[in-house]
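Subject: A structure for you to look at

Hello,

I am handing over a structure that I have been looking through. Please open it beside this email and follow along.

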Amino acid sequence: MRTLKLVLATALLVAPPVVAQNRPITVTGVRGLTFGTVFPGVRRVILKTDPSNSAQFDITGVKNNQLLLTFTLPASMTGPAGATMPLSFGASDAGYSQSQSIGSQVTFDPRTSFIASTLNQQGRGSVFLGGTANPTTNQRAGSYTATITLTVAYYP
Amino acid sequence: MMRRWLSVALMAGAVPLVAQGVMIAPTAIVMDHRTRSGNVTLYNPGNEPVEVRISSFFGYWTTDSTGALSLHEGTAADSAAPSAAGWIQAFPRRLTVAPLERQTIRLLATPPAGLPDGEYWMRLVFEAKAGAVPVSGVADTSKIVVGLQLQMRTIIGVAYRKGSVHTGVAVSNLRARPVDDSVEVRVRLERQGNAAFVGTVKWTVTDSAGKTLGELASPIGVYFRLEPRYRVPVGVLPRGRYWVKVEANTDRADPEGILRAPAVRDSLALVVP
């Protein structure tokens with residue numbers, strides 16, 4: 001442990017030789033996937049083209065570069081007193097837009113990885129996600145939530 | 001260069017964001033055996049603190065049977081692979097980046113004694129969790145209100161170089177076929193030397209008179225072997241004879257630290273009956 005601390009202290013004093021210096025990457029969660037108020041037994045579908053309720057992630061990086069996009073999607077949401085509500089995603093629930101326009105998306109299946117062919121000339125792109133909430137007929141009232149994770153791997 | 005981007009980010013910092021991630025630079029890191037250290041800068045352009053967790057794994061890019069790219073995560077079968085994941089550490093591994101502030105992550109290598117010359121790889125994972133996305137709707141406990149929060153993970157590559165390091169690529173098994181208004185092309189790319197071949201693959205489709213009908217350039221990283229599939233847009237090809245040409249080179253400005261190697265070319269005739 002003492003050796004490790006010494007190595008760390010030494011490293012802090014030495015200018016790090018980072019050879020690579022290029023444009024940074026940023027992945028931003030712009031908007032969460034929101035189903036709003038739902039009713040027991042009534043499915044609520046949010047399309048990836050829904051400008052208010054679909055999830056949106058913005059990505060900035062090096063122009064014309066490729067990214068591998070992978071979602072980690074919850075199968076259910078957790079609510080009051082541990083109650084759960086099933087959640088599902090279909091093959092056309094995700095989209096990638098090089099122009100960052102919600103009206104111009106390349107559809108992909110959020111359950112599998114997707115190669116975003118390129119960020120645009122400004123080094124930008126957006127990912128959109130829809131989904132379906134499936135409340136049961138005796139769904140307990142209250143707020144339900146879960147976490148969606150988007151993993152962006154920079155190629156190469 | 002980094003300072004310039006951070007300045008731009010500071011100016012853009014007023015944009016309201018719901019679940020801000022952090023800016024990560026650079027997007028590829030090359031460390032060398034002489035100094036055994038490196039760093040990554042995180043910057044939070046948002047107006048809420050962002051909690052960041054950092055982890056690492058051994059991984060490299062590969063293609064499946066259809067030519068689709070994927071990031072292969074190391075397994076026990078990769079025990080002989082050039083992994084640096086066991087001996088490069090990031091400090092700190094967990095931190096909170098305050099709004100409009102930046103922090104530096106140090107990378108320290110403690111390679112095993114007798115490490116052979118070559119390039120060793122690792123992937124760094126930055127997991128950012130920002131302020132919760134509010135569940136919209138009214139605070140009425142008689143209703144069912146549903147919303148999902150967002151989390152972002154960003155993966156970048158780290159290469160550690162020791163001693164004599166060189167790379168190249170061999171091109172083989174070139175094939176092409178017309179599909180709709182494009183030519184679908186595939187090629188086998190096998191890395192030569194002891195380091196990854198990072199560069200660009202360029203495709204050109206010409207007619208029999210040499211007129212270019214379509215071109216495509218794409219970044220490429222060959223760690224062992226790839227057989228990627230591309231579509232070169234050319235329009236619907238009438239009957240005739242065409243040429244498909246491929247070139248793999250290291251002519252890229254980004255990321256810096258690319259190992260240079262001679263360009264490699266191949267071509268084949270494509271006959272549309």
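Below is what was found, going from a sheet to a pocket and then to some details of the backbone.

Please keep in mind that this is a predicted model.

**The sheet**

A good place to begin is chain B, where four strands form an open sheet in the order β15-β14-β18-β19, with antiparallel pairing. At the edges are β15 (212-222) and β19 (264-272) of chain B, each of which pairs on one side only. From one strand to the next, the twist averages 15 degrees. If you zoom in on β18 of chain B, residues 240-249, you will find nine bridges in the antiparallel sense between that strand and β19(B). For a single pair to look at, try Ala248(B), whose bridge partner in β19(B) is Val264(B).

**The largest pocket**

Next comes the largest pocket, which holds about 760 Å³ of space. Its lining has 31 residues, and the closest to the pocket's centre are Gln66(A), Phe114(A), Ile115(A), Ala116(A) and Ser117(A). Both chains appear among the elements that give two or more residues to the lining: β8 (94-97), β9 (106-108) and β10 (114-116) come from chain A, while β6 (69-73), β15 and β17 (229-233) come from chain B. You have met β15(B) already as an edge strand of the sheet; here β15(B) gives the largest share of the lining, four residues. By kind, the lining residues are 13 nonpolar, 13 polar and five charged.

**Two cis peptide bonds**

In chain A, the peptide bond from Tyr155(A) to Pro156(A) is cis, and its omega is near 0 degrees. You can find Pro156(A) in the segment after β13 (142-155) of chain A. In chain B, the bond from Phe91(B) to Pro92(B) is also cis, with omega near -10 degrees. Pro92(B) sits in the loop between β7 (88-91) and β8 (94-97) of that chain.

**Two positive phi values**

Ala81(A) is not a glycine, yet its phi is positive, near 55 degrees. Look for Ala81(A) in the loop between β6 (76-78) and β7 (84-88) of chain A. Is this residue buried or exposed? Ala81(A) is exposed, because its relative accessible area is 73% and the cut-off for exposed is over 50%.

Arg36(B) also has a positive phi near 55 degrees, and its place is the loop between β2 (28-32) and β3 (37-43) of chain B. With a relative accessible area of 33%, Arg36(B) is partly exposed.

Enjoy exploring!

Best wishes

How values were computed
Residues are numbered from 1 along each chain as its sequence is written. Chains are lettered from A and ligands numbered from 1 in the order in which they are written. This is a predicted model: local features need pLDDT of at least 70, side-chain atom pairs count only at pLDDT 80 or more; totals for chains, interfaces and linings use all residues. Side-chain values use heavy atoms; hydrogens and water are left out. Two strands pair if DSSP finds at least two bridges between them. Axes are lines fitted to C-alpha atoms, for helices over the stretch in contact, and angles run from 0 to 180 degrees between N-to-C directions. On a 1 Å grid over the protein atoms alone, a cavity is a set of points where a 1.4 Å probe fits but cannot get out, and a pocket is an open set with protein on both sides within 12 Å along at least five of seven lines; lining residues have an atom within 4 Å of a point. Grid points are joined across faces, edges and corners, and a volume is the space filled by probe spheres set on the points. Ala, Val, Leu, Ile, Met, Phe, Trp, Tyr, Cys and Pro count as nonpolar, Asp, Glu, Lys and Arg as charged, and the others, Gly among them, as polar. Buried means under 20% relative accessible area, exposed over 50%, partly exposed in between (1.4 Å probe, protein chains only).
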